[in-house]
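Please look over the model below before reading on. The briefing goes through helices, salt bridges, aromatic pairs and a surface patch.

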Amino acid sequence: MKPSRRPFTLIELLVTMAIIAVLAGILLPVIRSAMIATKVGRAKSEIQSLITAMKLYETEYDIMPCGYGSTDAALSSATYDTIISFLSQTGSDKEEGNARDLKILNVKKAGEYPDPWKNRYNIVADMDADDAIDKGLVVGMYDDGKDLTHSVVVWSAGPDKKYNTSTPS
């Protein structure tokens, strides 16, 4: 003779569901912070790739992909798209700026290189070839009057699209 099984009571089911809900509540913030850390790591990697690609282009052609000018400049959206086109050998104007057909940068879609939050990276280039960039052009950076000794500065606005505008202590 089989022993009879009694069904779960409503209280037992509610307690089980409450335990699962508490565990999920503990676990979800950890998963979210891991996802944010992954996006930040990806952005850092892509920023380094973009800087390296621009420097390789400059080494190969003896000019920045955005050309040279009289002063350093933050690049506009149109210039940004053109640079990505030159570096990745995608888009309609790729031949104009990359005559040797060097694919220096990998992109998923022609002419686009968004950060993990679907925004374009911000680029300031040393357009006057003096190996220094005015800190005033870099949004959120404290300008102490000294120039940055870089030929290219790239950054992302991040997930909140806000820049740290505080001054260092």
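In this predicted model, helix α2 covers residues 77–88. Its 12 residues should span 16 Å at 1.5 Å a residue, and the end C-alpha atoms are 16 Å apart, so the two values agree. Helix α1 covers residues 10–61. Its 52 residues should span 76 Å, and its end C-alpha atoms lie 75 Å apart, which agrees as well.

**Helices: burial and ends**

- The buried residues of α2 are Tyr80, Ile83, Ile84, Ser85, Phe86, Leu87 and Ser88.
- Glutamine 89 comes just after α2 and has a positive phi of about 60 degrees.
- In α1, the buried residues are Ala43, Glu46, Ile47, Leu50, Ile51, Ala53, Met54, Tyr57 and Tyr61.
- Aspartate 62 follows α1, and its phi is also positive, near 60 degrees.

**Aromatic pairs**

- The structure contains three aromatic pairs.
- In one of them, tyrosine 57 and tyrosine 61 have ring centres 4.6 Å apart. Their planes meet at 45 degrees, so this pair is tilted.
- Both tyrosine 57 and tyrosine 61 sit in helix α1. They are four residues apart, about one turn of the helix.
- Tyrosine 57 has a relative accessible area of 4% and is therefore buried. Tyrosine 61 is buried too, at 19%, because the cut-off for buried is under 20%.
- Tyrosine 57 also pairs with phenylalanine 86. This pair is stacked, with 6.4 Å from centre to centre and 10 degrees between the planes.
- The stacked pair links distant parts of the chain. Tyrosine 57 is in helix α1 and phenylalanine 86 is in helix α2, 29 residues apart.
- Phenylalanine 86 has 9% relative accessibility, so it counts as buried.
- Through ring pairs, Tyr57, Tyr61 and Phe86 are linked into a cluster.

**Salt bridges**

- The count comes to two salt bridges.
- One joins glutamate 46 to arginine 42, with the closest N and O atoms 3.0 Å apart.
- Glutamate 46 and arginine 42 are four residues apart in helix α1, so about one helical turn separates them.
- Is glutamate 46 buried or exposed? At 14% relative accessibility, glutamate 46 counts as buried. Its partner arginine 42 is partly exposed, with a relative accessible area of 33%.
- Another salt bridge joins glutamate 12 to arginine 6, where the closest N and O atoms are 3.5 Å apart.
- Glutamate 12 is partly exposed at 31% relative accessibility. Arginine 6 is exposed, with a relative accessible area of 62%.

**Contacts of glutamate 46**

- Which residues does glutamate 46 contact, leaving aside its neighbours within four places in sequence? They are Tyr113, Pro114, Asp115, Pro116 and Tyr121.
- Glutamate 46 itself lies in helix α1.

**Nonpolar surface patch**

- Ile11, Val15, Ile19, Val22, Leu23 and Ile26 make a nonpolar surface patch of about 590 Å².
- Valine 15, one of these residues, is found in helix α1.
- Valine 15 has a relative accessible area of 45%, so it is partly exposed. This value passes the patch cut-off of over 30%.

Notes:
Residues numbered from 1 in each chain as written. Predicted model: local features only at pLDDT ≥ 70, side-chain atom pairs only at ≥ 80, totals over all residues. Heavy atoms only, no water. Patch = residues over 30% accessible without salt bridge, like charges linked within 9 Å, V, L, I, M, F, W, Y side chains within 5 Å. Areas by Shrake-Rupley, 256 points an atom, 1.4 Å probe, with all protein chains shown as cover. Salt bridge = Lys/Arg side-chain N within 4 Å of Asp/Glu carboxyl O. Helix = DSSP H or I, 4+ residues; strand = E, 2+ residues; numbered from the N terminus. Buried < 20%, exposed > 50% of the residue type's maximum accessible area, 1.4 Å probe, protein only. Expected span 1.5 Å × (residues − 1). Contact = heavy atoms within 4.5 Å. Phe/Tyr/Trp six-rings, centres within 6.5 Å; stacked < 30°, edge-to-face > 60°.
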